[in-house]
Each structure stands twice: as structure tokens, then as C-alpha cells.
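Q: Got a minute to go through this model with me? I'd like to talk helix packing, then cores.
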Amino acid sequence: MASSISITVEVDGVSYTDDVEPRLLLVQHLRERLGKTGTLIGCDTTNCGACTVHLDGVSVKSCTMFAVQADEHQVTTIEGMAQNGKFAPLQEAFHQCHALQCGFCTPGMIMQSASLLKENPHPTETEIREGLEGNLCRCTGYQNIVAAVKSVADGVQYDDSGVSVFPSMLEDNSETAGVS
């Protein structure tokens, strides 16, 4: 058994110090040690993107990163996206645009979408699709995922009942928002 290494990682705004095995994956540390179960283990090969988190604001796949590599860094998980019990705009858009079916890919899709919008606040549909290439969904056909990201990029907001403040924007996407 390998010796443990002490690490300190800020996860979702909270600092954690823990002794970890050098080969412990970040995704395992987040889920098993810190209880951040929204970060999912999918393929362990970076193919599916279900484990996507932000490391110092940059999208990374936590299944191929060791927890020790996150020492002295900030990690944001899907749980850290919501603020004061309220969904972040992307989370709300995924909900309102029905951009999920089984939900397995959703945390990674939202985290990758947030990075995409940070880099390119007004992407085209093609740029959204290209920006999400490393995240797989086997249920939705991607149309509603693209519509959700586009709605955030276009400034669509939702009131407390989930109704779009700009309903015409969602209506314009109604033909392409279906599952293909």
C-alpha cells in the first residue's frame, strides 16, 4: 500500500484537507471522500465527460486526474453551481428546455457548457456542438442540450415558476428542440 499524501483542496468554496493515496483519482476523492456525488464516474477514459468539473475555472475530466494534482487548487462541481438553493442559469435552462432524459450526462454537460460560455459568451449552434464534443449523451439527441446552452447565451431567463421571460426565444427553438 502506497503512503498517503496530505492535500488541501477548495471544493465548491469549502477548504478540505485530507490524506490521500497518490493514485486516488480526483473523481473518487470528490465522490467517496467529500460526498460530491453529482460528479459521475462514467468511462474512466475521458470519453464520456460525465466526470467534468472545473479546476481553477477550467473544465477538466476528473477521471483522469489524480486528487494530489488538485492540491492547492479550487474545484467546482455541479453542486457548486447552484447558489443559495437556486439553480444556476445553465441548470435552470437544462431543466426548462428538457435537456436531459436519464440525466447521467447532465452534470458533465452543464459543467462543460459553463466553460464554453465563459470562453465564448455568444456561440453559434455549431460552436456549441463543437464545444460539447468531449461529452456524450446517449438519450437526448443533443437538440435540447444545444437549445439550453443557446438560451443562456441569448439571455433567456426564467421566473420563479419556470416561465421564460422571453418566451418568443424558446418558441423560435421549438422546431429544433425536439429529440432527433
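Q: How are α2 and α3 set relative to each other?
A: They're oblique, a class for angles outside under 35 degrees (roughly parallel), over 145 (roughly antiparallel) and 65 to 115 (roughly perpendicular). Their axes come within 10 Å and cross at roughly 125 degrees; axes are lines fitted to C-alpha atoms over the stretch in contact, with angles from 0 to 180 degrees between N-to-C directions. Bear in mind that this is a predicted model, where local features need pLDDT of at least 70, side-chain atom pairs count only at 80 or more, and totals for chains, interfaces and linings use all residues. Numbering starts from 1 along each chain as its sequence is written, and side-chain values use heavy atoms, without hydrogens or water.

Q: Which residues meet there?
A: From α2, L90, Q91 and F94; from α3, T106, M109, I110, S113, A114 and L117. Contact means heavy atoms within 4.5 Å.

Q: What's the mix of nonpolar, polar and charged?
A: Six nonpolar, three polar and no charged.

Q: OK, cores. How many residues in the largest nonpolar one?
A: 25, with M81, L90, F94, M109, I145 and V149 among those with the most contacts inside it. A nonpolar core is a set of buried (under 20% relative accessible area, 1.4 Å probe, protein chains only) Ala, Val, Leu, Ile, Met, Phe, Trp, Tyr and Cys residues joined through side-chain atoms within 4.5 Å.

Q: Which element gives the most?
A: α3, with six residues.

Q: And what does M109 touch?
A: F94, L132, N135, L136, C137, Y142 and I145, leaving out residues up to four places away in sequence.

Note on methods: Buried < 20%, exposed > 50% of the residue type's maximum accessible area, 1.4 Å probe, protein only. Helix = DSSP H or I, 4+ residues; strand = E, 2+ residues; numbered from the N terminus. Nonpolar A, V, L, I, M, F, W, Y, C, P; charged D, E, K, R; others polar.
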